[in-house]
Amino acid sequence: MPAGIISESAAEAMGLTFTESLADMPVSNEFLASIPIAFARQHSLLGFVSDNGTMPVVIADISQWPQLQTISKLLNKRISPIVAPQDEIMRTINIAYQQQSSQAQRVIEQFDRNDVMRELQTATGNEDLLDVASRAPVIKLVNLMLFEAVKRRASDVHVQPYEDRLVIRFRVDGVLHDVLLPPKQLQEEISSRIKVMGGMNIAERRLPQDGRATVEVGDRIIDLRISTIPACFGERTVIRLLDKSIRLYELTELGMPDNVLDSMRRLIRMDHGIVLVTGPTGSGKSTTLYAALQEINSLEMNILTLEDPIEYRLEGISQMQVSDRKGMTFASGLRHVLRQDPDIIMVGEIRDTDTAQMAIQSALTGHLVFSTLHTNDAAGAVARMLDLGVEPYLLASSLLGVLAQRLVRQICPHCRKPYKAAEKDFRLWGIDEKQIGSTSLFKGEGCPECLETGYHERRGIFELLQVDDIIREFILKCGSAASIKGQSVANGMATLRVDGINKAKTGTTTMDEVARVTGRDDF
């Protein structure tokens with residue numbers, strides 16, 4: 001036994017408690033927060049929780065006695081030494097500090113905004129960037145920022161640097177709002193804190209970076225997707241928030257008109273073919289596909305998905321994450337999926353020629369394929385697939401239908417009021433007064449429930465292009481998107497704008513919203 005190490009018999013002789021295992025003893029968070037891990041490892045010291053106001057501190061070596069007095073003064077507590085084997089102490093130190101570090105990144109507490117901002121103003125006067133104490137307000141600010149984002153139902157947090165100020169903005173129901181104005185001097189500290197949470201390189205400020213983290217807010221688990229880019233006034237950071245605790249929607253809850261819902265249900269129960277969902281980023285395409293998969297999921301079906309990223313876990317469905325950096329693209333992943341005897345395949349996005357051709361081949365060989373495209377309307381998906389190199393006869397044979405969608409903000413039910421539209425309103429919206437008729441429209445006046453916006457949450461508007469024999473002829477002849485859309489409207493398809501107007505007439509949304517999200521749609 002090395003000199004100085006206290007044996008069990010020596011501990012008894014000195015009147016100290018000896019324990020072989022520290023597994024059942026709760027480590028003091030106060031000790032972990034105040035004593036650096038390097039000091040604890042160097043001197044083999046660790047403090048534990050006690051109910052009597054005296055902190056038990058474990059030691060293994062008699063030479064550690066002076067450090068006990070240092071800890072006592074630092075924590076302003078009486079110390080009660082106990083003895084344990086040095087290997088057991090080191091093991092417990094590593095576990096305790098690792099857990100404490102992960103909790104600091106996972107758990108977000110509710111802070112008082114005024115207290116945090118007051119601390120930040122004080123911290124800006126401290127020029128010592130190595131002073132750990134000066135970083136505490138920054139950590140609190142980031143936690144406050146994320147907590148308020150979750151509370152306000154934000155989908156994204158933007159940390160936007162300007163020449164003379166720093167602005168934190170939340171995207172709520174698709175629209176950005178300025179929320180916090182932290183001191184400009186703390187810009188780099190805030191960026192570094194977010195990078196630490198995302199496991200990113202805090203020293204690299206000249207290149208874009210991506211990271212991810214998971215945090216807890218009460219009983220809610222939030223996934224964070226972090227992106228930073230170098231801008232002219234400093235790094236710009238965007239955090240995408242994915243709430244894992246939010247339940248998945250059913251098809252009936254998305255806002256589809258009855259005829260679209262019935263047709264969509266028929267399409268997703270076809271034996272083979274491809275169904276596309278189109279719209280810009282953030283228009284709810286993934287939510288619609290998840291709802292469709294949930295509806296047809298059964299023990300008799302083998303359903304596989306290829307996603308980037310996997311946003312929500314689906315019970316009973318095999319989900320695969322694609323990663324270009326690891327060589328797993330949508331196209332290469334789809335080749336492997338086809339060897340898994342699938343009945344239904346969901347491809348997160350068709351973004352290149354290889355994926356488009358593989359998806360079509362999968363649909364032609366007896367599989368039902370769901371996927372998404374970035375196009376403005378349903379007819380544009382046909383032109384996009386042809387542009388990606390898919391042969392017209394293959395597309396005509398495999399395409400079952402295309403659902404285009406947007407999200408409009410719903411009028412807040414707490415401040416919803418009727419009003420009569422004026423002539424200038426119809427000119428602004430670009431529609432004829434006859435399309436509204438004598439129906440009263442509604443708008444929200446703004447209240448605390450909707451953060452004075454007049455809107456609360458969002459609803460989908462849809463158009464569904466179903467491929468029949470006439471549309472197949474247009475595809476075979478490489479008809480334009482306009483001609484395909486015109487034929488579909490003649491067949492009875494309601495456009496995005498028409499569905500939006502109908503929802504405005506029923507008081508679900510406003511005509512301003514409909515005009516905003518369908519600005520490129522034909523009236």
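Start by selecting helix 13 and helix 17 in this predicted model, and look along the place where helix 13 passes helix 17 in a right-handed crossing. Helix 17 covers residues 481–490, and the two axes lie 8 Å apart at an angle of about 140°. Helix 13 and helix 17 are therefore oblique to each other, since the angle falls neither over 145 degrees, which would count as roughly antiparallel, nor within the other named ranges. Now show side chains at this contact: from helix 13 come Ala379, Gly380, Val382 and Ala383, and they meet Ala481, Ile484 and Lys485 of helix 17. Sorted by class, the contact between these helices holds five nonpolar residues, one polar and one charged.

Keep helix 13 selected and widen the view to the largest nonpolar core, which has 42 residues. The members of that core touching the most others are Ile274, Leu276, Ile350, Met385, Leu395, Leu399 and Leu465. Helix 13, residues 378–387, supplies the largest share of this core, namely six residues. Centre next on Leu399, whose contacts beyond four places in sequence are Ile274, Leu276, Val382, Val467 and Ile475; Val382 is also one of the helix 13 residues that meet helix 17. Apart from this core lies another, of 30 residues, which can be found by selecting, among others, Leu166, Ile194, Ala213 and Ile222.

From Leu399, follow strand 16, residues 399–411, as far as Arg409. Is Arg409 buried or exposed? With a relative accessible area of 12%, Arg409 is buried, because the cut-off for burial is under 20%. Leaving aside residues up to four places away in sequence, Arg409 touches Asp173, Val175, Tyr455, Glu457, Arg458, Thr508, Thr509, Glu513 and Arg516.

For another arginine, select Arg247, in the loop between strand 10 (234–243) and helix 9 (258–267). Arg247 counts as exposed, at 51% relative accessibility, the cut-off being over 50%. Add Tyr312 to the selection: 65 residues separate Arg247 and Tyr312 along the chain, while their C-alpha atoms are 9.2 Å apart.

Finish with helix 11 (residues 330–337) and helix 12 (residues 353–364), whose axes come within 8 Å and cross at roughly 25°. These two helices are therefore roughly parallel to each other, and helix 11 passes helix 12 in a left-handed crossing. Phe330, Ala331, Leu334 and Arg335 in helix 11 face a set in helix 12 made of Asp354, Thr355, Met358, Ala359 and Ser362, with which they are in contact. By class, five nonpolar, two polar and two charged residues form this contact of helix 11 with helix 12.

Notes: Residues numbered from 1 in each chain as written. Predicted model: local features only at pLDDT ≥ 70, side-chain atom pairs only at ≥ 80, totals over all residues. Heavy atoms only, no water. Axes fitted to C-alpha atoms, helices over the stretch in contact; angles between N-to-C directions. Helix = DSSP H or I, 4+ residues; strand = E, 2+ residues; numbered from the N terminus. Parallel < 35°, antiparallel > 145°, perpendicular 65-115°, else oblique. Left-handed = near helix turned anticlockwise from the far one by under 90°. Contact = heavy atoms within 4.5 Å. Nonpolar A, V, L, I, M, F, W, Y, C, P; charged D, E, K, R; others polar. Core = buried A, V, L, I, M, F, W, Y, C linked by side-chain atoms within 4.5 Å. Buried < 20%, exposed > 50% of the residue type's maximum accessible area, 1.4 Å probe, protein only.
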